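Colleague: Before I set anything up, I would like to go through the enclosed spaces and a few individual residues. Please show me the model.

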Amino acid sequence: MFGSIRKDLISQSQQYLPSVTVAPGTTTDILLLNMPLTMTETPWTAGAVLKSVASSVGYSCSTVDVNCKTLQWIKHHPKALEIKNFFWEGVISDEYQHDIDQYIDAILNIIRQYNPKILGLSVFTDMSRSATVSITTKIRQQLPDIKIIIGGHGISNSFDYVTGSICFGEKLKQDGLTDHYILGDAEHSFKEFLNNNLKYPGIDQSNWQQLNNQETESVPYPDYTDYDWSLYPQKMLGITGSRGCVRKCTFCDYIANWKKYTWRSADSIFDEMLHQKQQYGVNNFAFSDSLINGNLKEYENLVTKLSEYNLANPTDQFRWNSFFIFRPISQFGERLWRLTALSGCIKLVVGIESFNDKTRFAMGKKFTNQDVDDNLALAIKYNVHVGLLCIIGYVSDTQEIIDESLAWLDARQHLKEYFTVSFQQTLMILPGSWLDENRETVKIKLIRPDDWQGWINTETGSTLEIREAWLKQVLDHAASLGYSIIDDGNVHKWLEDLLDGKQWGAWLLGGPI
């Protein structure tokens, strides 16, 4: 009986498999898809940007947000957590292989309906690799004439336990599953690819060319005309104001790839926001910047422009959120916080990473707990919600540091309704980061060459087991005090929240969950 009910539920879930409605006989030069699975609640920006690039050189181009459609299917599948394992862990039991086969067939059916000459796949993170391999394998078998090109941060060698020093993009090319790959900023390299300039930096090579300030302003605005807005919980668009970072955090691999901090002018950003608002009726924007206030002059210009617009249009104001850095009040004082609020800022996410000054400075973050308190006070005064990102188990952490973290939470629990604390996984030694290149200096050793989380500190005796116990200790304590917390390492909780109809990203989009 129960087996029959389960089969009925699975059968019903198949109506949510990714699909499109395309007029018969439709063809397009290029079809762009984003590979699942990424937990996101906004349209896929990469495809919208590349669609504009393709159009600028005379190609017809269509985009499909496959990731969002996949999330909808998983949400309605009675065994969603098991299905999730295929995407995030690359494994699936024999019991559900048929469901995955049907899913991949649905993706191929989308491709057939558009009948493209070129298929572009965006691999956002390493968690999109399993689907990418399975889908490209099936394409090669059934649609061998389509030229496949892939890009995105997920095709680099970060977190790659299989290909070693060969990046994921090169591995798929060698295996014959793709024809080309693009590393790094793709706006110009994709254009050069379409112009058949295959020797351009970043095309089938690790040496890619970062866009400079002037080039970032010349990129055409993203084109979202293909997107189904009903798939998203609210109308919000991504926007990029800068790339790279002004900080040199020891644990970060982002600065290993984007070595320079580049930015767009406030005029350029504001003009794009106005354009997208007029084009799609969108007032809400999520900045993809690692920090929106890296260039204080342009930041002040931007929030001034947005504030003036919002004051002049009280019933039709802009709203936005972004990653952000705390600075001493002498650099970022009350006037800027007031403008930030007036400009429509709903929430800022800040990587404070540690509750200990000494640890934070060792990481490369040059601000103190007093700076954190000063900025939180002004954020609270001007009703800007703050999300704090924290890492438990830095290379120099000890139980004493953890005890200080508990004390920090104790001392600020009267403010807990005003900010959210997100605890990431225990520290990974990311390939290419300063820590990775200076292991001997900081007394760390990898247990296995491919295990970036299971390192030990030969001086303090810190192990993965100890660090996981520390993380649990801090999480449990924060929960006992009633903090609004996010456990970024608990992917099952992310998916459970999705299944319960919660906006897992609400902590970023504008307030505590």
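**Cavities, buried residues and cysteines**

Colleague: How many cavities of 30 Å³ or more are there?
Modeller: This is a predicted model. A cavity here is a set of points where a 1.4 Å probe fits but cannot get out. With a lower limit of 30 Å³, the count is two.

Colleague: Which helix supplies the largest share of the lining of the largest cavity?
Modeller: The largest cavity has a volume of about 100 Å³ and is lined by 13 residues. Nearest its centre lie Gly241, Arg264, Ile269, Ile292 and Glu298. At least two lining residues come from each of α11 (266–280) and α12 (296–312). The largest share, three residues, belongs to α12.

Colleague: How many residues of that lining, in the largest cavity, are nonpolar?
Modeller: Gly counts as polar under the scheme used. The lining of the largest cavity has three polar and three charged residues. The nonpolar ones number seven.

Colleague: What is the volume of the second largest cavity?
Modeller: Its lining consists of Glu353, Ser354, Phe355, Ile391, Ile392, Gly393, Asp397, Ile401, Ile402 and Ser405. These divide into five nonpolar, three polar and two charged residues. The volume of the second largest cavity is about 30 Å³.

Colleague: Which helix gives the largest share of the lining of the second largest cavity?
Modeller: Ile401, Ile402 and Ser405 are among the lining residues. Ile402 lies in helix α16. The largest share, three residues, comes from that helix, which spans residues 399–411: α16.

Colleague: Is Ile402 buried or exposed?
Modeller: Leaving out residues up to four places away in sequence, Ile402 touches Ile392, Asp397, Trp470, Gln473 and Val474. Its relative accessible area is 0%. The limit for burial is under 20%, so Ile402 is buried.

Colleague: What separates the C-alpha atoms of Ile402 and Gly184?
Modeller: Along the chain, Ile402 and Gly184 are 218 residues apart. In space, the separation of their C-alpha atoms is 37 Å.

Colleague: Which backbone nitrogens does the side chain of Asn457 reach?
Modeller: Asn457 is part of strand β15, residues 455–457. Its side chain comes to 2.8 Å from the backbone nitrogen of Glu459. At 2.9 Å there is a second backbone nitrogen, that of Thr460. The two are therefore within the 3.5 Å limit for a polar contact, and they belong to Glu459 and Thr460.

Colleague: Why does Asn457 count as buried?
Modeller: Beyond its neighbours within four places in sequence, Asn457 is in contact with Val395, Val442, Lys443, Ile444 and Ser462. Burial means under 20% relative accessible area. Asn457 counts as buried because its relative accessibility is 5%.

Colleague: How many disulfides does the structure hold?
Modeller: A disulfide needs two cysteine sulfur atoms within 2.5 Å. The number in this structure is zero. For Cys345, which is in no disulfide, the nearest cysteine sulfur is that of Cys245, 18 Å away. Cys390 is in no disulfide either, its nearest cysteine sulfur being 13 Å away on Cys249, and the disulfide total is zero.

Colleague: What is the relative accessible area of Cys345?
Modeller: Cys345 is classed as buried. Cys390 counts as buried too, at 0% relative accessibility. For Cys345 the relative accessible area is 5%.

Technical notes. Residues are numbered from 1 along each chain as its sequence is written. This is a predicted model: local features need pLDDT of at least 70, side-chain atom pairs count only at pLDDT 80 or more; totals for chains, interfaces and linings use all residues. Side-chain values use heavy atoms; hydrogens and water are left out. Helices (H or I, at least four residues) and strands (E, at least two) are DSSP runs, numbered from the N terminus. Buried means under 20% relative accessible area, exposed over 50%, partly exposed in between (1.4 Å probe, protein chains only). A polar contact is a pair of N or O atoms within 3.5 Å; within protein, one must be able to donate a hydrogen and the other to accept it, and residues adjacent in sequence count only if both atoms are side-chain atoms. Contact means heavy atoms within 4.5 Å. On a 1 Å grid over the protein atoms alone, a cavity is a set of points where a 1.4 Å probe fits but cannot get out, and a pocket is an open set with protein on both sides within 12 Å along at least five of seven lines; lining residues have an atom within 4 Å of a point. Grid points are joined across faces, edges and corners, and a volume is the space filled by probe spheres set on the points.
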